[in-house]
There are 2 protein chains.
Amino acid sequence: MGHSRHEKADSHRRIVKVAARKMRESGTEGPGVAEIMKAAGLTHGGFYKHFDSRDDLVAEAVEAATAEGLEGFEEATEGAADPLAAFVDRYLSPGHRDDPGSGCAVVALGADAARADDRVRAVYRAQVERYIAELEELMGGGADVRRRAIAAVTSMVGALLVARAVDDADLSDEILGEVRASLRSPASRRRAARPSRSR
Amino acid sequence: MGHSRHEKADSHRRIVKVAARKMRESGTEGPGVAEIMKAAGLTHGGFYKHFDSRDDLVAEAVEAATAEGLEGFEEATEGAADPLAAFVDRYLSPGHRDDPGSGCAVVALGADAARADDRVRAVYRAQVERYIAELEELMGGGADVRRRAIAAVTSMVGALLVARAVDDADLSDEILGEVRASLRSPASRRRAARPSRSR
DNA sequence: ATTATCTATAGATCTATAGATAATGC
DNA sequence: ATTATCTATAGATCTATAGATAATGC
């Protein structure tokens, strides 16, 4: 039984972190309070000293999941010779497909977000806007950047959703591979001023 | 209390149809047996004379949802001057976004399919293959048709998922509109021999 | 006589609460 | 003394089953 305020803050962070993972794996309504608390090394009774309701945890967990989400992809682009390709390759990698718990919340929680409360939806929208802005920058401006950025984000999101759901490994790999290739094709990179990130 | 065999078959179809709608709206685990039976005009007790388990209904409902799904889009292309544009415009319409219950199961049930049993996953994969094949045909062959078809399907699926989840009507409309536009751009139609459907 | 559906309920599971326990921190 | 966590449980909800009821169909 931990007891100091410091330990409580630590427990809180651990609960949110565990929930952010489990909810990306099983949906926001998937894991029960008891299961989450157990995975955080606690018993379920203490939950309501940390959160007013389960929905409050959902809101915090979705926020944590989105924050974690873009981090990994921004890392992947740093110092890369071709930052756009690095981003796309990491997003559409078998590793990302096979580990939804630590991956992009826009894909993992899309269906849930559409039926969630206002807090969750606001966090979700902000994350979508961040992805679009990030892609616009990686594409380096030019004609129709925003259109091309939106098309790139939606095809990556759709590809990951479908690649996770199909029960055929070859088809799943093919989907990831072909979408990676299509995002490197001339059309989606048109006028991309690659070396500089400025618009 | 209906009683003939004919009425039973009718009840069965009605239960599956209601479930196919509700599960696309709320996920396969959303609606309870009692809620589905009530919407079908029955009481929950009779459910297990129609299905061995709730999972059996999920399998039938997902199959019904996918069957219904492509129908509407194939209709939209019949007799259209530009069948590809007709398909894309219907798929990425505000009407489709706002009525998931009668829309594409690949989007609505993607997250659920990834964690569902073998029957559901097999049905889901078959539907993804049908969408890819349909798009290949609409694109009329040419270099990289399969790649372009896969990219088109994933961007439509991703666009619909995200357009439904964001809580800003302008952003949602923009996503649908820009992806519609990007699928009509030269690159995605390259070498498309439009009037004929042959490869 | 058979059977499709209904009423009633068992058993499991889930969110949330109440009160006990065992640390921290003045 | 305060408080973070624990044990125990209330109340709601969900899947599944049992037995009654009221039609069909030989």
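## Backbone or bases at DNA strand D

Of the atoms of DNA strand D within 4 Å of the protein, what percentage belongs to sugar or phosphate, and what does the rest belong to? In this predicted model, sugar or phosphate accounts for 77% of those atoms, and the rest belong to bases.

The protein side of this contact involves 25 residues around DNA strand D, and those that come nearest are A:Ser11, A:Thr43, A:His50, B:Tyr48 and B:Arg54. Two of these residues can be followed to individual atoms: a polar backbone atom of A:Thr43 is 2.7 Å from a phosphate oxygen of DNA strand D, and an N or O atom in the side chain of B:Arg54 is 2.8 Å from a phosphate oxygen of that strand. A base is reached as well, since a polar side-chain atom of A:His44 lies 3.4 Å from a base oxygen of DNA strand D. By element, the surface near DNA strand D takes the most from helix α1 of chain A (residues 5-26), which gives 4 residues; by residue class, that surface divides into 15 polar, 5 nonpolar and 5 charged residues.

## The surroundings of DNA strand C

Around DNA strand C there are 25 residues, of which A:Tyr48, A:Arg54, B:Ser11, B:Thr43 and B:His50 come nearest. Of the atoms of DNA strand C that come within 4 Å of the protein, 76% are accounted for by sugar and phosphate.

Three of the nearest residues can be placed against phosphate oxygens of this strand. The side chain of A:Arg54 has an N or O atom 2.8 Å from a phosphate oxygen of DNA strand C, while B:Ser11 brings a polar side-chain atom to 2.4 Å from a phosphate oxygen, and B:Thr43 places a polar backbone atom 2.7 Å from a phosphate oxygen. Helix α1 of chain B (residues 5-26) supplies the largest share of the surface near DNA strand C, namely 4 residues, and the residues of that surface divide into 5 charged, 5 nonpolar and 15 polar.

## Fold of chain A

The secondary structure of chain A consists of 11 helices and 0 strands, and its C-alpha atoms fill a box of roughly 60 × 40 × 30 Å along the principal axes.

## How the two chains are related

Chain B can be superposed on chain A with an RMSD of 0.0 Å, the operation being a turn of 180 degrees with a shift of 0.0 Å along the axis. This is the relation of a two-fold axis. Of the interface residues of chain B, 100% are also interface residues in chain A, so the copies meet through the same surface.

## Extent and make-up of the interface

In the interface, 42 residues of chain B are in contact with 42 residues of chain A. The area buried between the two chains is about 3,500 Å², of which 65% comes from carbon and sulfur atoms. Within the area that chain B buries against chain A, B:Arg147, B:Leu161 and B:Asp167 supply 16%, more than any other three residues.

Between chain B and chain A, 14 residue pairs are in polar contact, counting pairs with both residues at pLDDT 80 or more. On the side of chain B that touches chain A, at least two residues come from each of α1, α6 (105-108), α7 (110-114), α8 (118-138), α9 (145-165) and α10 (169-182) of chain B. The largest share of that side, 13 residues, comes from α9(B), and the residues of the side as a whole divide into 22 nonpolar, 13 charged and 7 polar.

## Salt bridges across the chains

Over all chains, a search of the whole structure finds 34 salt bridges, and across the interface of chain B and chain A the rule finds 6. B:Glu174 forms a salt bridge with A:Arg146, in which the closest N and O atoms are 2.5 Å apart. The pair joins two chains, because B:Glu174 lies in helix α10 of chain B and A:Arg146 lies in helix α9 (residues 145-165) of chain A. Another salt bridge brings together the side chains of B:Glu178 and A:Arg147, with an N to O distance of 2.9 Å.

Methods: Residues numbered from 1 in each chain as written. Chains lettered and ligands numbered in written order. Predicted model: local features only at pLDDT ≥ 70, side-chain atom pairs only at ≥ 80, totals over all residues. Heavy atoms only, no water. Near = heavy atom within 4 Å. Polar contact = N/O pair within 3.5 Å; in protein donor to acceptor, adjacent residues only side chain to side chain. Nonpolar A, V, L, I, M, F, W, Y, C, P; charged D, E, K, R; others polar. Contact = heavy atoms within 4.5 Å. Buried area = accessible area lost by both parts, 1.4 Å probe. Salt bridge = Lys/Arg side-chain N within 4 Å of Asp/Glu carboxyl O. Least-squares fit on C-alpha atoms with pLDDT ≥ 70 in both.
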